Amino acid sequence: MTKYKYALFLMIAFCTSCAQNQSEEKKIIINSENKGVITSYGPKWITRNIIQDRKGNIWIAAFDGIFRYDGKSFTNITSKVSSARFFSVLEDSKGNLWFGSIGSGVYYYDGKSFTNFTTGDGLINNRVGCIYEDKAGNIWFGTENGASRYDGKSFRNYRLNGSVNSIIEDKTGKFWFATTGNTFVYDGKAFTVFTHNGKPFTNVRSIIENTKGNIWLGGNDGLWRYDGNTFTNFTQKFVGDIIEDKEGNIWTSSESAASPAWDGSLTGNIQSWALTRYDGKSLADKKPTVTEVTNKGMIFGILADDKENIWFGAFDGVHRYDGKTITDFKGKEVRK
């Protein structure tokens with residue numbers, strides 16, 4: 001593996017401190033008397049990110065709002081707060097929720113009221129594509145032109161050479177930043193471009209560290225696993241999202257194996273995308289067992305819930321796979 005290191009003051013990546021602290025009098029957007037609109041259906045538009053909170057609720061970030069599903073009905077939490085398109089959602093270690101929007105910054109929700117953070121408060125950019133909490137409790141926001149780290153009082157910004165798609169902290173304490181440009185590893189002092197055989201990983205959409213400590217990358221160059229020494233390529237087809245379920249299986253949203261190469265556009269070959277499962281027990285084999293579960297056009301934001309269901313977003317809302325059938329939630333009545 002070859003890596004290139006850049007000093008923080010170079011153009012590739014640099015950080016700046018933003019002194020704007022969160023004021024105790026920061027404007028509250030909406031109070032606890034208005035908790036959103038309850039519906040029998042989920043989002044009907046592009047759904048980008050899905051998580052499950054510690055109480056078992058499913059939270060969905062979509063272009064028509066942030067939805068919470070309690071197993072019976074949906075609540076559009078942000079319907080009275082913002083008309084922004086939402087891209088990302090995180091529950092932090094204290095049980096608070098963070099919602100990233102496209103153009104309106106970040107919304108913080110404590111279960112009673114909302115607080116909005118934008119560039120006026122120190123956020124590096126108002127288009128927030130991903131949110132991550134590190135081991136120290138800092139909240140990271142991946143944006144159109146870099147990342148912001150929020151410590152509860154102020155923002156520290158890191159400008160990178162592309163939109164930040166994914167952020168993780170690995171078991172050694174190093175941070176990984178996947179961007180539409182290069183992929184970077186940050187050791188707290190300098191950013192290093194992550195490469196294989198001298199070639200950088202570019203336009204990586206997702207990075208995860210699985211339970212075995214391996215780094216998985218999905219993007220323009222397909223699906224890769226890095227164990228600290230060896231690289232393994234599982235497909236050269238474009239890969240969007242990656243998750244690991246509790247059985248050790250790897251799930252991805254990607255081009256179907258039978259589809260032609262994706263042209264990079266939002267409309268090109270979207271009918272040939274698939275939800276794909278890589279069997280965890282066979283990942284050490286040269287040819288692991290791979291199953292394409294469904295072809296659903298473009299697929300985003302995969303979640304494995306505590307009942308072993310797989311949730312995923314699409315252009316037309318959210319879907320749930322129980323191992324046998326796929327349920328959508330876009331009708332007048334929720335299908336159980």
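**Notebook: Trp98, Ser253 and model confidence**

I started with Trp98, which is buried, with a relative accessible area of 5%. The cut-off for buried is under 20%, so Trp98 qualifies. I note that this is a predicted model.

**Entry: Trp98 and its surroundings**

I placed Trp98 in strand β9, which covers residues 97-101. Next I listed its contacts, leaving out residues up to four places away in sequence. From the residues numbered below it, I found Ser88, Val89, Leu90 and Asp92. Val106, Tyr107, Tyr108 and Phe117 also touch Trp98. The list ends with Ile131, Ile139, Phe141 and Tyr150.

Which residue's side chain makes a polar contact with the side chain of Trp98? I found Asp92, at 3.0 Å. I also checked Asp110 against Trp98. The two are twelve residues apart in sequence, and their C-alpha atoms lie 8.8 Å apart.

**Entry: the sheet around β9**

I then traced the sheet. It is open and has four strands, in the order β8-β9-β10-β11. The pairing is antiparallel. At the edges I found β8 (86-91) and β11 (114-117), each paired on one side only. From one strand to the next, the twist averages 20°.

How many bridges join β10 to β11? I counted four, with β10 spanning residues 106-109 and the two strands running antiparallel. Val106 stands opposite Phe117 of β11. I had already met both residues: Val106 and Phe117 are among the contacts of Trp98.

**Entry: Ser253**

I moved to strand β26, residues 250-255, where Ser253 is found. Is Ser253 buried or exposed? It is buried, because its relative accessible area is 0% and the cut-off is under 20%.

I looked up the contacts of Ser253, setting aside neighbours within four places in sequence. They are Val239, Gly240, Asp241, Trp273, Ala274, Ile299 and Ile302. Ile299 came up again in the polar check: the side chain of Ser253 reaches the backbone oxygen of Ile299 at 3.2 Å. For Phe238, I noted a separation from Ser253 of 15 residues in sequence and 8.8 Å in space, C-alpha to C-alpha.

**Entry: confidence**

I closed with pLDDT. The protein's mean is 88, and 83% of its residues reach 70 or more. Over residues 4-13 pLDDT stays under 50, and the model has 28 contacts there beyond four places in sequence. Residues 19-25 are also below 50, with eleven contacts beyond near neighbours in sequence. Where pLDDT is low, predicted coordinates should not be read in detail. I therefore leave the contacts of those stretches uninterpreted.

Definitions and conventions:
Residues numbered from 1 in each chain as written. Predicted model: local features only at pLDDT ≥ 70, side-chain atom pairs only at ≥ 80, totals over all residues. Heavy atoms only, no water. Buried < 20%, exposed > 50% of the residue type's maximum accessible area, 1.4 Å probe, protein only. Contact = heavy atoms within 4.5 Å. Polar contact = N/O pair within 3.5 Å; in protein donor to acceptor, adjacent residues only side chain to side chain. Pairing = 2+ DSSP bridges. Axes fitted to C-alpha atoms, helices over the stretch in contact; angles between N-to-C directions. pLDDT = per-residue confidence, 0-100.
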